[in-house]
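Subject: The structure we talked about

Hi,

Here is the structure I promised to pass on. Please have it open while you read, as my notes follow below.

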Amino acid sequence: MKFYGNLLALCSLNANVWGTTAFSVQAPKASSSVVLKSSNPSDLDLFPEGTFPSTETIQGGGTVRTYKLPPWATRVQYTLKTNGRPLKAKVGLWLGPIRQVHTMEIDSQDGSKTPYSATLKFKKLAPMLKITTSDNLELPVLAAVSVPSPERAIELKDNTERLWGMATPEQKQLVQGGSTSGGGGSIRFWNIPDNVESVQVISWSFDVGKKSFKCQIEAIQGQNNPKQDFFLQCGGGSQPYHAVIQTPGPGWMIRLKNKKFVEDGLFQFAVIPYQVSSTDYTQPGLGPEELKDEVGNKNMTVWLFSRRIYLSESMIE
């Protein structure tokens with residue numbers, strides 16, 4: 001009995017020295033989540049008026065449009081939107097008939113409120129830009145494509161590199177891949193301030209190996225409610241990808257999931273405010289507002305206080 005008592009005392013001493021974690025399973029680390037500041041470091045309008053001289057309607061049903069880019073071009077800008085219907089399209093950059101070096105798949109609930117615009121960087125190889133609509137005939141896409149002049153391309157290059165270099169650790173994060181069987185990659189979150197109407201995202205692996213990357217980007221508004229879903233794959237990480245995602249109104253979050261494996265899936269991703277509104281959604285005491293439901297003959301008084309909506313309703317017989 002004395003031997004067992006000494007053994008228990010020794011175990012108790014080790015537990016006190018090494019901590020309780022020596023006898024318990026470590027909990028997995030939570031995904032990284034940061035809150036962006038609403039300051040806008042960019043003073044360059046990426047898509048000023050006149051960037052896209054014309055807009056083309058691409059019908060649904062898997063319709064394909066191709067744009068041959070000139071040999072001197074190093075960047076191409078495009079924007080996709082709809083007249084209020086869902087925005088579903090695929091954008092690819094091709095070198096020759098069989099080599100695709102860039103893929104962007106877009107799935108947005110409302111292409112009028114949340115259009116998608118991007119600047120794609122590539123080498124001087126005269127590639128082909130290909131835009132494909134979804135299989136649904138009812139979902140046409142309004143597309144506009146523009147090749148910046150050499151002078152404008154230099155401005156865009158300097159702006160992207162400046163934003164990348166001055167991005168804070170909260171804005172620019174390292175994203176690691178997962179297992180070779182798929183899944184398990186890093187997940188990153190950026191909470192968007194309510195007064196930020198749109199954010200610019202930059203994806204690049206220049207500083208971490210220049211490897212290709214594959215990821216899923218979600219713009220979420222509300223409780224796990226992705227209203228914009230993007231799938232991005234770049235065959236070479238030496239070229240930055242710069243795009244603008246619309247986040248109108250309060251309650252937005254950007255969620256990023258790495259879809260590559262751990263040995264070859266390391267890249268960096270930055271989320272930076274682009275357009276900032278003067279509206280303060282968090283100001284308390286904005287006052288009541290009367291809303292009337294014509295169909296149900298219902299009156300509602302809506303009180304907005306610290307982003308919480310309180311409803312008081314009265315039925316009219």
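A salt bridge here is a side-chain nitrogen of Lys or Arg within 4 Å of a carboxyl oxygen of Asp or Glu. Please keep in mind that this is a predicted model.

With that cut-off, the structure holds 6 salt bridges. One of them joins the side chains of Asp-107 and Lys-88, with N and O 2.7 Å apart. Asp-107 belongs to strand 6 (residues 99-108) and Lys-88 to strand 5 (residues 87-95), so this pair ties together parts that are 19 residues apart in sequence. Both partners are partly exposed: Asp-107 has a relative accessible area of 34%, and Lys-88 has one of 26%.

Another salt bridge sits within a helix. Glu-161 pairs with Lys-157, and their closest N and O atoms are 3.2 Å apart. Both residues lie in helix 2, 4 residues apart, which is about one turn of the helix. As a reminder, an α-helix has 3.6 residues a turn, so residues three or four places apart point the same way. Here, too, the two partners are partly exposed, with Glu-161 at 36% relative accessibility and Lys-157 at 33%.

The next pair is Lys-257 and Glu-218, whose closest N and O atoms are 4.0 Å apart. This salt bridge links distant parts of the chain, since Lys-257 is in strand 16 (residues 252-258) and Glu-218 is in strand 13 (residues 213-221), 39 residues apart. Is each partner buried or partly exposed? Lys-257 is partly exposed at 24% relative accessibility, whereas Glu-218 is buried at 6%. Salt bridges with shared partners join Glu-218, Arg-255 and Lys-257 into one network.

Strand 13 has another residue worth a look, Ile-220. Ile-220 is buried, at 3% relative accessibility. Its C-alpha atom is 5.5 Å from that of Trp-252, although the two residues are 32 positions apart along the chain. Leaving aside residues up to four places away in sequence, Ile-220 touches Asn-225, Pro-226, Gly-251, Trp-252, Met-253 and Arg-255. Arg-255 is also a member of the salt-bridge network described above.

Now to the wider picture. The chain has 2 helices and 20 strands. Of its 317 residues, 42% count as buried. Among contacts with a separation of 6 or more, 78% are between residues 24 or more positions apart.

Eight of the strands are a good place to start: an open sheet of 8 strands runs in the order 2-9-4-7-15-12-17-10, with antiparallel pairing. Strand 2 (56-58) and strand 10 (172-175) are at the edges; each has a single partner strand, so one side of each is left without a neighbour in the sheet. From one strand to the next, the twist averages 25°.

Within this sheet, strand 12 (residues 196-204) and strand 17 (residues 267-276) pair in the antiparallel sense over 8 bridges. If you would like a spot to find on screen, Ser-203 has Phe-269 in strand 17 as its bridge partner. Helix 2 (residues 150-166) packs on the sheet, and its direction makes about 90° with that of strand 12. The strands touched by helix 2 are strand 4 (75-81), strand 7 (116-121), strand 10, strand 12, strand 15 (241-246) and strand 17.

What about helix 2 itself? At 1.5 Å a residue, its 17 residues should span 24 Å, and the end C-alpha atoms are indeed 24 Å apart, so the two values agree. Which residues of helix 2 are buried? They are Arg-152, Ala-153, Leu-156, Asn-159, Thr-160, Leu-163 and Trp-164. Viewed down the axis of helix 2, the buried residues fall within an arc of 130°, so they line one face of the helix. Those buried residues pack against strand 4, strand 7, strand 10, strand 12, strand 15 and strand 17. On the other side of helix 2, Glu-151, Ile-154 and Gly-165 are exposed.

If you want a short route through the model, begin at the Asp-107 and Lys-88 salt bridge, move on to the network of Glu-218, Arg-255 and Lys-257, and end at helix 2, where it packs on the sheet.

Happy to talk any of this over.

Best wishes

Note on methods
Residues numbered from 1 in each chain as written. Predicted model: local features only at pLDDT ≥ 70, side-chain atom pairs only at ≥ 80, totals over all residues. Heavy atoms only, no water. Pairing = 2+ DSSP bridges. Axes fitted to C-alpha atoms, helices over the stretch in contact; angles between N-to-C directions. Contact = heavy atoms within 4.5 Å. Buried < 20%, exposed > 50% of the residue type's maximum accessible area, 1.4 Å probe, protein only. Expected span 1.5 Å × (residues − 1). Arc of directions from axis to C-beta.
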